[in-house]
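Open your viewer and get the selection box ready. We'll go stop by stop, with a word on what to pick and what to look for.

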Protein chains: 2
Amino acid sequence: MEMTQRKQKILAAVVESYIRTGEPVGSKNLLGELDFSVSSATIRNEMADLAEMGYLEQPHTSAGRVPTTLGYRYYIDKLMNKLEPTEEDRRAIAKTVSSGSGDPEQLLEKAGEVIARLTGCAAVSTMPLGEKATVRRAEIVPVGTRTAMIVLLTSAGTLKSKACRSDMPITPQTVERFYSVCAAHFVGKPLEDISTVMLQTLVASLGEHALEMSSFFVTLADLAADALSSDVLLEGQSNLFNHRELGGNIIELMEFLRKGEPISKLLSKGKDGIDIKIGTENEYKQLANSSVIISHYDVNGSRSGALGIIGPTRLNYAKLIPYMQFVSGLVGDILSESIDD
Amino acid sequence: MEMTQRKQKILAAVVESYIRTGEPVGSKNLLGELDFSVSSATIRNEMADLAEMGYLEQPHTSAGRVPTTLGYRYYIDKLMNKLEPTEEDRRAIAKTVSSGSGDPEQLLEKAGEVIARLTGCAAVSTMPLGEKATVRRAEIVPVGTRTAMIVLLTSAGTLKSKACRSDMPITPQTVERFYSVCAAHFVGKPLEDISTVMLQTLVASLGEHALEMSSFFVTLADLAADALSSDVLLEGQSNLFNHRELGGNIIELMEFLRKGEPISKLLSKGKDGIDIKIGTENEYKQLANSSVIISHYDVNGSRSGALGIIGPTRLNYAKLIPYMQFVSGLVGDILSESIDD
DNA sequence: TTTAGCACTCGGAACGACAGAGTGCTAAAA
DNA sequence: TTTTAGCACTCTGTCGTTCCGAGTGCTAAA
């Protein structure tokens, strides 16, 4: 069966009506929304065809039609007219977002907040961090005779710290040795190089001081791994409660959101530019009833992090996609500016 | 109307039965749970009295009785037999909690995790921080020509950082000046002394360097305030979904939990030792259907933070109160030990 | 190819009947 | 005076029925 122009128009109208109302859409309701006049019977026939082609489905006999994943996909790829944010909106967004400039974390928090409010979805974002992030600085701060804080600052501005106990008392010499080892082996090196394996050989080479130092470096490796796994920010989680179509799965969905790691993966795996996953297109089963729009941002020309929204499949794609592009562009610009000077 | 011993026994039985089953309890059900034999009619009369006295209420005519806030209160204060954790439980808890020793944040995370799992409630905790916490160290790390990270480490081991932009380029002299000012005015001083007011006079005294330095110190004050407001950890939030009696308010409750600040207040205002707030005894209306058990912990003999659980009013107080006491005692011991050596 | 008409299906709301749980009251028994 | 048995009453939740509305698919005519 071929996709005629009329079928396209009908599909678009169904998708848009369903996105707007959340109700399965019947043939009669469509009459007013089309720019050509046919009877409801004709529309019925076309809709039956579209259902057969896999773009629409019925929740049950004698309910209206609802778009399938395939239907949304076709709509987004071929039919949708993007709705760029108004000048007014842009200004309002830019104002809020830039109020968080200076600190990357705050910036992304603001951006997430704005997105969540604007879209009624949950907003997620990853902190700026390329794989090429390096160790900018490592510090040791004695806290007790056998306890110290290890602090790691990365080139991306991420800061991680953790307390750590040593088997032996910490002397000024210990601290000095720590710094000299860091200066020699860590500072300026990519985070991913600080693997446990690398540390083992290092500790071995420390000879008599191995016992004294090893726990510090293990902690340092922890921190590096932590920084690499790239913090995930989450805003507007509770917006999801307003979408009844998420149904019982909402609890699992919220649990899923609370774990940072899969979200981090999700965001980093999104393809460049904008990436949209509809319902079952998601590889995580917790997202099977949700759609995700991911938009990455560049810092100084290279991909650094991403923003995303998670909501029901019934998203206003035409509006939200350009919004996400705008916000992520904005975030990238502000971050680039604040780093390269 | 006076509270006879028989009424007390009946009240206790009603509370315990309701806590166990979650169902309003009727006169017949109580027959088997009392250590004396009367007919259901007698119990009915007594229950009617208890209702009149304000300890019990009926969801509707011809349902069983449910304890009121007053009823729970009476039970907890006068009737309850505490159920100390078994030796086995103690060991298991101690094992999990102490696996997080070293880093206070990790420790409290573990403790929260254990509590949440054990109680089926949401667990909250505040990081160790007395009001007497002081500045242990302040750092400035240039990130760009006009951007720097300011890092604050407190005597309690809390670490806070924030990026910050200066109006003028940052030179090595700037950094040096920053350190000398910090050494002179901040290090060793209580966090609460770094008020904005104090900063203003300080900045004024900097003379020609005021412009260059002011934003750093403002940021530092931010960080101090942040550290003072004491991080709140939250675990097992999703456990609340299992309690149907929380009903529609659960959304607002979760929103409430997400904001750290009111929780921080809640925990710090709990009276010494164990503090229990039942339903409407809470001053936050979001908690009107919930109960809160707060237990503070000491570090080296002075109150430093607190652990709490939040769940439905229908908590197993007899069991959970001793548990909370045990865990908070444990946390205090471990923290004291790791700091004072 | 389109349209009008019609029979059919399904879900949801409304309704009444009914069983079950529990109460309060009364009058008799202890 | 206290306790108990008995009974009428109230309220909830469930089950089955009915009915309405929305929407479809099919057929036959335009």
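Before the first stop, some vocabulary: two strands count as paired if DSSP finds at least two bridges between them. The elements themselves are DSSP runs numbered from the N terminus, with helices being H or I runs of at least four residues and strands E runs of at least two. You're looking at a predicted model, where local features need pLDDT of at least 70 and side-chain atom pairs count only at pLDDT 80 or more, while totals for chains, interfaces and linings use all residues. Residues are numbered from 1 along each chain as its sequence is written, chains are lettered from A and ligands numbered from 1 in the order in which they are written, and side-chain values use heavy atoms, with hydrogens and water left out.

**Stop one: a sheet in chain A**

Select β4, β5 and β6 of chain A: they make an open sheet in the order β4-β5-β6, paired antiparallel. The edges are β4(A), residues 135-142, and β6(A), residues 159-165, each pairing on one side only. From one strand to the next, the twist averages 20° (axes are lines fitted to C-alpha atoms, for helices over the stretch in contact, and angles run from 0 to 180 degrees between N-to-C directions).

Now add helix α7 of chain A, residues 172-185, which packs on the sheet and touches β4(A) and β5(A). Contact here means heavy atoms within 4.5 Å. The direction of α7(A) makes about 170° with that of β4(A).

**Stop two: β5(A) and its two neighbours**

Zoom in on β5(A), residues 147-154. On one side, seven bridges join β5(A) to β6(A), antiparallel; here Met149(A) stands opposite Ala163(A), and Leu153(A) has Leu159(A) as its bridge partner. On the other side, β4(A) and β5(A) also pair antiparallel over seven bridges, with Ile140(A) partnered by Ile150(A).

Follow the chain through the turns. Four residues sit between β4(A) and β5(A) in their hairpin. The hairpin of β5(A) and β6(A) has four residues in between as well, and Gly157(A) in that turn has a positive phi of about 90°.

Which way do the side chains of β5(A) point? Thr147(A), Met149(A), Val151(A) and Leu153(A) go one way, and Ala148(A), Ile150(A), Leu152(A) and Thr154(A) go the other. In a regular strand the side chains alternate between the two faces of the sheet. Eight of the eight residues of β5(A) are buried, where buried means under 20% relative accessible area, exposed over 50% and partly exposed in between (1.4 Å probe, protein chains only).

**Stop three: DNA strand C**

Show the residues near DNA strand C, meaning those with a heavy atom within 4 Å of it. There are 20 around the strand, and Ser39(A), Thr42(A), Ser62(A), Ser27(B) and Asn29(B) come nearest. Of the strand C atoms within 4 Å of the protein, 73% are sugar and phosphate.

Try three polar contacts next (pairs of N or O atoms within 3.5 Å). Thr42(A) puts a polar side-chain atom 2.5 Å from a phosphate oxygen of strand C, and Asn29(B) does so at 3.0 Å. With Ser62(A), a side-chain N or O atom is 3.0 Å from a base oxygen.

Colour by element: α3 (40-52) of chain A, plus α2 (27-30) and α3 (40-52) of chain B, give two or more residues each to this surface. The largest share, four residues, belongs to α3(A).

**Stop four: DNA strand D**

Move to DNA strand D, with 21 residues around it; Ser27(A), Asn29(A), Ser39(B), Thr42(B) and Ser62(B) come nearest. Sugar and phosphate make up 73% of the strand D atoms within 4 Å of the protein.

For polar contacts to phosphate oxygens of strand D, pick Asn29(A), at 3.1 Å, Arg65(A), at 3.2 Å, and Arg6(B), at 3.1 Å. Here α3(B) gives the largest share of the surface, four residues.

**Last stop: a helix in chain B**

Select α11(B), residues 260-269, whose buried residues are Pro262(B), Ile263(B), Ser264(B), Leu266(B) and Leu267(B). What do the buried residues of α11(B) pack against? Light up β3 (122-126), β7 (232-235), α10 (250-258), β9 (290-299) and β10 (302-312) of chain B to see their partners.

How values were computed: Polar contact = N/O pair within 3.5 Å; in protein donor to acceptor, adjacent residues only side chain to side chain.
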